[in-house]
Amino acid sequence: MSLGPHADFIVAAYAAAVGVVALLVIWVIADYRRQRRALADLEARGGRGIATGAPTT
Amino acid sequence: MDALAAILVRDLRVALRVGGGALVGVLFFLAVVTLIPFALGPDLALLRRIGPAILWLGALLASLLALDRLFADDQADGSLDILLTGSVPLELVVGTKAVAHWLATGLPLVIVSPLLGLMLNLDARSIAFTALTLAVGTPALTFIGLIGAALAVAIRRGGLLLPILILPPAIPVLIFGVAAANTDVVGAVPFGTPFTILCALTLFSIVIGPFAAAATLRHGLE
Amino acid sequence: MSLIDLANPTRFLKLAARLLPWFVAATLVAFACGLVLTMLAPDDYQQGATVKIMFIHVPNAWLSMLVWALMSVAALGTLVWRHPLADVAGKCAAPLGAAFTFLALVTGSLWGRPMWGTYWVWDARLTSVLVLFLMYLGVIALWRTVEDPSRAARAAAILTLVGAINLPIIKFSVDWWNTLHQPTSVFRVGGPSIDSSILVPLLVMAIAFALLFITLHIAAMRNEILRRRVRTLRLLAAQAAQVADTRAGARA
């Protein structure tokens with residue numbers, strides 16, 4: 001498949017698309033992991049301090 | 001009606017007092033118009049060609065930057081809460097404050113523009129067109145800016161965010177204002193066409209602005 | 001801030017977990033078909049192979065406007081119908097819409113360089129899209145500036161609706177301005193009608209990008225719901241710690 005005299009621009013355009021989409025996907029996945037970790041962390045610490053509000057000392 | 005008149009008078013008095021910021025806008029306008037020749041060079045022919053555009057840009061920026069004053073004082077001393085819970089419809093209150101704001105900050109820009117036009121080597125007709133378009137367009141900027149000012153109340157440290165938020169809706173006003181002001185300089189369109197559209201934009205914003213701003217104030221302050 | 005408030009979002013989380021794999025698969029399949037079709041597409045009579053850029057540029061331009069329309073519906077959902085997930089939908093759509101708008105601008109300028117000789121042309125379409133990009137960034141900035149999610153939601157919703165009302169005005173103004181300043185007419189895509197050999201790949205790529213948006217949107221909404229849970233739990237924990245501290249202090 002010959003891309004003609006302006007091949008560089010076509011490749012650059014598709015590369016930009018791949019790049020932006022990749023960034024979006026990475027962001028969504030990384031954010032998901034971060035929130036899951038934060039939730040797990042809070043639940044591990046959770047029990048006392050959260051729902052009951054009872055004094056710990 | 002009395003209540004609205006009272007608000008109008010009070011806002012004007014506050015704005016015109018020392019620290020009220022009414023004339024600072026004019027100073028900023030002057031500063032911008034002075035800066036641009038420094039950047040572009042003293043070529044009078046060039047300045048005359050882009051003069052109306054420079055005046056419009058200066059007025060637009062001066063208007064945008066003065067916006068957070070609209071509700072800031074009232075929010076600070078608590079009278080905004082009273083206005084929100086009062087019996088006068090919030091939309092009317094907000095609209096009246098916008099009128100007062102324009103009288104104090106927008107109108108001075110219009111009055112000063114002929115003087116600045118002379119600095120930019122504009123001829124009498126161009127100055128007249130520019131002043132007229134500013135007179136019709138600056139109210140549009142104020143009323144469009146109402147929602148930005150209302151957001152400023154909700155966001156304490158908005159900073160430059162508000163002018164940026166108001167910029168897109170202000171673009172049509174700029175386009176048609178400059179096109180009308182440029183009639184003699186560029187000669188691409190008769191004055192009437194962009195001018196009537198500018199009038200339409202102003203009327204439209206006078207209606208939409210208060211409603212959007214009132215909604216923002218109500219929802220944003222909960 | 002009782003846990004009951006999280007009930008509806010919980011149902012969404014379960015739904016999201018079930019739907020996401022299907023949407024991911026559908027997106028991958030659509031892109032696979034689309035890319036094959038774009039590779040096989042014939043060169044345009046006037047533009048040569050650079051018409052292939054259009055297969056990315058046009059779907060992104062369409063999506064940039066569709067996403068704002070979606071955000072406007074979500075804004076109505078927040079303000080008028082008070083749907084609990086409406087503002088989440090609006091908030092998550094904004095960065096995606098901004099990304100599509102950005103891609104439309106970049107591919108448009110890469111298309112413009114060989115066609116018109118410069119990377120940026122102030123033609124009506126590109127300029128309107130640039131203004132739209134500014135609007136997206138503005139809404140995103142607003143979400144990040146207000147800390148409380150429900151207040152941010154209402155402010156952003158109003159801003160979105162004001163933006164929606166202004167979009168046709170801005171488009172009209174920029175069109176008008178452009179005819180004023182550029183007497184030479186700008187090249188239309190592919191002539192008076194688009195041949196099916198170009199139209200089909202275009203539509204498939206449009207569907208692929210739309211599926212991508214839906215997939216990312218569902219995933220992002222899931223993340224946002226989790227984020228708000230984390231915030232709520234942290235606030236509760238801080239409150240409880242404070243209560244415990246004052247009681248301990250009072251006893252000591």
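Select chain C and colour it by burial: of its 252 residues, 40% are buried, where buried stands for 20 or more other C-beta atoms within 10 Å of a residue's own, exposed for 12 or fewer and partly exposed for the range in between, with C-beta atoms placed from the backbone. What you are viewing is a predicted model, in which local features need pLDDT of at least 70 and side-chain atom pairs count only at pLDDT 80 or more, while totals for chains, interfaces and linings use all residues. Residues are numbered from 1 along each chain as its sequence is written, and chains are lettered from A in the order in which they are written.

With chain C still selected, switch to a cartoon, which should show 6 helices and 0 strands, running α-α-α-α-α-α from the N terminus; helices (H or I, at least four residues) and strands (E, at least two) are DSSP runs, numbered from the N terminus. The C-alpha atoms of chain C fill a box of roughly 85 × 40 × 30 Å along the principal axes, and the radius of gyration of chain C is 23 Å, against a value near 18 Å for a compact globule of 252 residues, the radius being taken over C-alpha atoms and the globule rule being 2.2 Å times the number of residues to the power 0.38. Of the contacts in chain C between residues at least 6 apart in sequence, 80% join residues at least 24 apart, a contact being a pair of residues whose C-beta atoms, placed from the backbone, lie within 7 Å.

Next, select Arg82(C), in the loop between helix H2 (51-81) and helix H3 (86-116) of chain C. Arg82(C) has a positive phi of about 55° although it is not a glycine, and it is exposed, with 9 other C-beta atoms within 10 Å.

Now bring in chain A, since the most contacts among the 2 pairs of chains that touch are between chains A and C. Here 28 residues of chain A are in contact with 38 residues of chain C. On the chain A side, helix H1 (7-46) and helix H2 (48-52) each supply at least two residues, and H1(A) gives the most, with 18 residues.

Hide chain A and show chain B; chains A and B do not touch, and their nearest C-alpha atoms are 24 Å apart. The contact between chains C and B takes 22 residues from chain C and 25 residues from chain B. On the chain C side, the elements that give two or more residues are helix H4 (124-145) and helix H5 (149-181), with H5(C) giving the most, at 14 residues.

Within this contact, select helix H8 (residues 161-181) of chain B together with H4(C), which pack at an angle of about 150° with their axes 9 Å apart; axes are lines fitted to C-alpha atoms, for helices over the stretch in contact, and angles run from 0 to 180 degrees between N-to-C directions. Residues to display include Leu161(B), Ile164(B) and Ile171(B) in H8(B), and Val131(C), Leu134(C) and Thr145(C) in H4(C).

Finish on Asn121(B), in the loop between helix H6 (90-119) and helix H7 (124-154) of chain B. Asn121(B) has a positive phi of about 65° although it is not a glycine, and it is partly exposed, with 17 other C-beta atoms within 10 Å.
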